[in-house]
Amino acid sequence: MDAYFSADVETDGPIPGPYSMLSFALVYAGSFDGSKFERPLDYQQVFYRELRPISEQFEQEALDVNRLDRRRLLIEGTLPEEAMTEASEWIRAVAGNAQPVLVAYPLSFDWSWLYWYFVRFSSTGSPFNHSRCFDVKTALAVKTGIPISEAGRSRLTEPLRSRRSHTHHAVDDAIEQAEIFANIFRWERDSGGII
């Protein structure tokens, strides 16, 4: 069985290593046993941390988007070793006997940051192994029959949208994404709605 975790990261640049992940959130987003998808009753199972930067480099335009105070995080941010180990343990505890799967929209950016940080800093490694992940953008393209280059959020029809706004706060955006993921997972083209 899969246990899904919607993830969102806020960073100060385009790639991990030279730049830093400043915050991240993981939200339990449901399970699938191969025949039935179970959407959570709510999105209250959340893990969130703000991190201490790991390098001197940053891009001001990234900070302008997420509005995180990098100078404050240099003093108050959680050490990456502590945050990633706690996150890994939390994911495994919530998943129980199921296999944790990371979900993002699009997956490529958030996965590259979280996988790198888990491998580099968590004492227990990546709870998603090296490949247990789900790209909501690809799922939207396949289910609706549109090119992946056109599968952005603007293409979401009303039944697939979240009721929440995209705020660039990791918790808000991970929950928004979890709702979109569940809507797309349960959507059937022929019915025109969510089953």
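Me: Which residues does serine 6 touch, leaving out those up to four places away in sequence?
Reply: In this predicted model, serine 6 touches Ala25, Leu26, Val27, Ala29, Val103, Ala174, Gln177 and Ala178, once residues up to four places away in sequence are set aside.

Me: And where does serine 6 sit, and is it buried or exposed?
Reply: Serine 6 belongs to strand β1, and it is buried, with a relative accessible area of 0%.

Me: What polar contacts does the side chain of serine 6 have?
Reply: The side chain of serine 6 makes a polar contact of 3.1 Å with the side chain of glutamine 177, and a polar atom of the serine 6 side chain also lies 3.4 Å from the backbone nitrogen of alanine 178.

Me: OK, on to the strands. How do β1 and β2 pair?
Reply: Strand β1, residues 2-11, pairs with β2 in the antiparallel sense over 10 bridges, and within that pairing phenylalanine 5 has tyrosine 28 of β2 as its bridge partner.

Me: Which other strands does β2 pair with?
Reply: β2 is joined to strand β4, residues 46-50, by five bridges in an antiparallel arrangement, where alanine 25 stands opposite tyrosine 48 of β4. β2 also pairs with strand β3, residues 37-38, in the antiparallel sense over two bridges, and there serine 31 stands opposite glutamate 38.

Me: What about the hairpin of β2 and β3, which glycine has a positive phi there?
Reply: That is glycine 34, whose phi is near 105°, in a hairpin with four residues between the strands.

Me: Why is β2 described as largely enclosed?
Reply: Strand β2 covers residues 21-32, and 11 of its 12 residues are buried, so the rest of the structure largely encloses it.

Me: Changing topic: which residues of the largest nonpolar core touch the most other members?
Reply: That core has 28 residues, and those touching the most other members are Phe5, Met21, Phe24, Leu26, Met84, Leu102 and Leu114. The elements that give two or more residues to this core are β1, β2, α3 (80-95), β5 (99-104) and α4 (107-121), with α4 giving the most, namely seven residues.

Me: What does leucine 102 touch, again leaving out residues up to four places away in sequence?
Reply: On that basis leucine 102 touches Phe5, Ala7, Leu107, Trp111, Leu114, Phe128, Arg132, Cys133 and Phe134. Apart from the largest core there lies another one, of 27 residues, which includes Ala29, Ala170, Val171 and Ile180.

Me: Back to β1 for a second: how exposed is aspartate 2, and what is it in contact with?
Reply: Aspartate 2, which lies in strand β1, counts as partly exposed because its relative accessibility is 26%. Aspartate 2 touches Gly30, Ser31, Phe32, Ala98, Gln99 and Val101, not counting residues up to four places away in sequence, and its side chain makes a polar contact of 3.0 Å with that of tyrosine 4.

Me: Last thing, the backbone. Where is the cis peptide bond involving proline 106?
Reply: The cis bond runs from tyrosine 105 to proline 106, with omega near -5°, and proline 106 is found in the loop between β5 and α4.

Me: And what phi values do asparagine 129 and histidine 168 take?
Reply: Asparagine 129 has a positive phi of about 55° although it is not a glycine, and it is placed in the loop between α4 and β6 (133-135). Histidine 168, also not a glycine, has a positive phi near 70°, and it lies in the loop between α5 (136-144) and α6 (170-186).

Key:
Residues numbered from 1 in each chain as written. Predicted model: local features only at pLDDT ≥ 70, side-chain atom pairs only at ≥ 80, totals over all residues. Heavy atoms only, no water. Buried < 20%, exposed > 50% of the residue type's maximum accessible area, 1.4 Å probe, protein only. Pairing = 2+ DSSP bridges. Polar contact = N/O pair within 3.5 Å; in protein donor to acceptor, adjacent residues only side chain to side chain. Contact = heavy atoms within 4.5 Å. Core = buried A, V, L, I, M, F, W, Y, C linked by side-chain atoms within 4.5 Å.
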